[in-house]
Amino acid sequence: MFVQEEKIFAGKVLRLHVCTMEGAEWLEEVPEDTTVEKLKERCLKHCLPGSLEDPKTVTHHKLIHATSEKVLTDTKTVLEENIQDRDVLLLVKKRAPTLLPKMSDVVAEEKRKQEQKAPDKDAILKATANLPARSADRSVTHHNMRDFPFLQFQTELRKILVSLIEVAQKLLALNPDAVELFKKANAMLDEDEEDRVDEIALRQLTEMGFPESRAVKALRLNHMSVTQAMEWLIEHADDPSVDAPLPGSAAAEAPAEGAASSAEAAAGPSSEEGGEEAKDELTEIFKKIRRKREFRPDPRAVIALMEMGFDEKEVVDALRVNNNQQNAACEWLLGDRKPSPEDLDKGIDTNSPLFQAILENPVVQLGLTNPKTLLAFEDMLENPLNSTQWMNDPETGPVMLQISRIFQTLNRT
């Protein structure tokens, strides 16, 4: 019997599963010495009949080994690519290469950008040199700024918080475990009040070579802004008082300790009922918490505004009204000084539809029984810049979100 030589020395036949991105599947039987290019041609004949008339079709496709996610090389054989029997291959069309833009298009784009570029200071001065000088009415400007929806919300939010704090205190005072809950809350404030620093911002400054203690002080003075903290550190590098502690940072502990001893004295042996003792102790804890959360003016802004000739009390009032924003505080001092500091302590009308809708919300109702919510309200009341922290808190965030949604809904109607 005569047997052809190529059949005697033929390689092992592999059965391969081939898939396409369109979902087509089939089985290809090929000898292990078949090149990847030949295998690709067979696959294209199967899924795209007549496509091989264009010689570029083969080069525009690639085979990928599904298990290893390796792109197979056209010039290698199936054996050299270590493909095994019953392996899965994926036939994919290559992405068209990104065409480089023409030089004329690049030049035109650059020219367009230059034409749209904002004028520099010299160009503005030249263009406005002949215009008559006008002084803006600062009181009007300041008033108009408060007409923006965001600032309206901030103003109303403060009133809402004042009223909600009163409700929360009454609700929590009814809790038999209220004293213990607030002792824990007060201890939590003791632990992280002075230690709360943005770790990422601190690391960035220390990696620049600044001492950690100075970096912490700079971040606290500049509301955790890395750029402003770095400028402060450079500006005060030779200042002999640069390492001095911030005003009130150490002193704040003394009154707290005094209040604590007062609370202990109030909670001592007495002939009155235990409920009265607990109520007095709870009142003392409320005072301690509020004392720790009281407004702290930005020292740099205080100095800058006092150098303009304003009295220190006026400056502190202005910064408190304007959330420690120096420019806004300056506008307030030069304008009609509204709202007044006294207005900040006024709550919202408890009979208003807005406040009633907030109190009827189940999420808000549940949140008002949580001591942490009261702490958040107190903190945001005197330090609005901390609002983001409480909005992102898993316990207080949902409450703040509901208040915001209710306000926006009723404000549109």
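The exercises below concern salt bridges and confidence in a predicted model.

**Exercise 1.** Determine which parts of the chain are tied together by the salt bridge between Glu81 and Lys70, and classify both residues by accessibility.

*Solution.* Begin with the contact itself: the side chains of Glu81 and Lys70 meet with an N to O distance of 2.8 Å, which satisfies the requirement that a Lys or Arg side-chain nitrogen be within 4 Å of an Asp or Glu carboxyl oxygen. Next, place the partners: Lys70 belongs to strand E4 (70–71), while Glu81 sits in the loop between that strand and strand E5 (88–93), so the pair ties together parts that are 11 residues apart in sequence. Finally, turn to accessibility: Glu81, with a relative accessible area of 7%, is buried, because buried means under 20%. Lys70, by contrast, has 38% relative accessibility and counts as partly exposed.

**Exercise 2.** Locate the salt bridges of Lys313 and Glu314, and state how far apart in sequence the partners of each pair lie.

*Solution.* Take Lys313 to begin with, whose salt bridge with Asp317 has its closest N and O atoms 3.1 Å apart. Both residues lie in helix H15 (residues 312–321), with a separation of 4 residues, about one turn of the helix. Lys313 is exposed, at a relative accessible area of 57%, whereas Asp317, at 18%, counts as buried.

Then consider Glu314, whose side chain meets that of Arg337 in a salt bridge of 3.0 Å, N to O. This pair links distant parts of the chain, since Glu314 is in helix H15 and Arg337 in the loop between helix H16 (326–334) and helix H17 (353–360), 23 residues apart. Both partners are partly exposed, Arg337 at 27% relative accessibility and Glu314 at 28%.

**Exercise 3.** Give the number of salt bridges in the whole structure and name the residues joined into one network by shared partners.

*Solution.* A search of the whole structure yields 9 salt bridges. Through salt bridges that share partners, Lys372, Asp393 and Glu395 form one network.

**Exercise 4.** Assess the confidence of the chain and identify stretches where the pLDDT is below 50.

*Solution.* Start from the overall figures: the mean pLDDT of the protein chain is 75, and 72% of its residues reach 70 or more. Then examine residues 136–150, where the pLDDT is below 50 and the model shows 20 contacts beyond near neighbours in sequence. Residues 250–273 also have pLDDT below 50, with 15 contacts beyond near neighbours in sequence. Where pLDDT is low, predicted coordinates should not be read in detail.

Technical notes
Residues numbered from 1 in each chain as written. Predicted model: local features only at pLDDT ≥ 70, side-chain atom pairs only at ≥ 80, totals over all residues. Heavy atoms only, no water. Helix = DSSP H or I, 4+ residues; strand = E, 2+ residues; numbered from the N terminus. Buried < 20%, exposed > 50% of the residue type's maximum accessible area, 1.4 Å probe, protein only. pLDDT = per-residue confidence, 0-100. Contact = heavy atoms within 4.5 Å.
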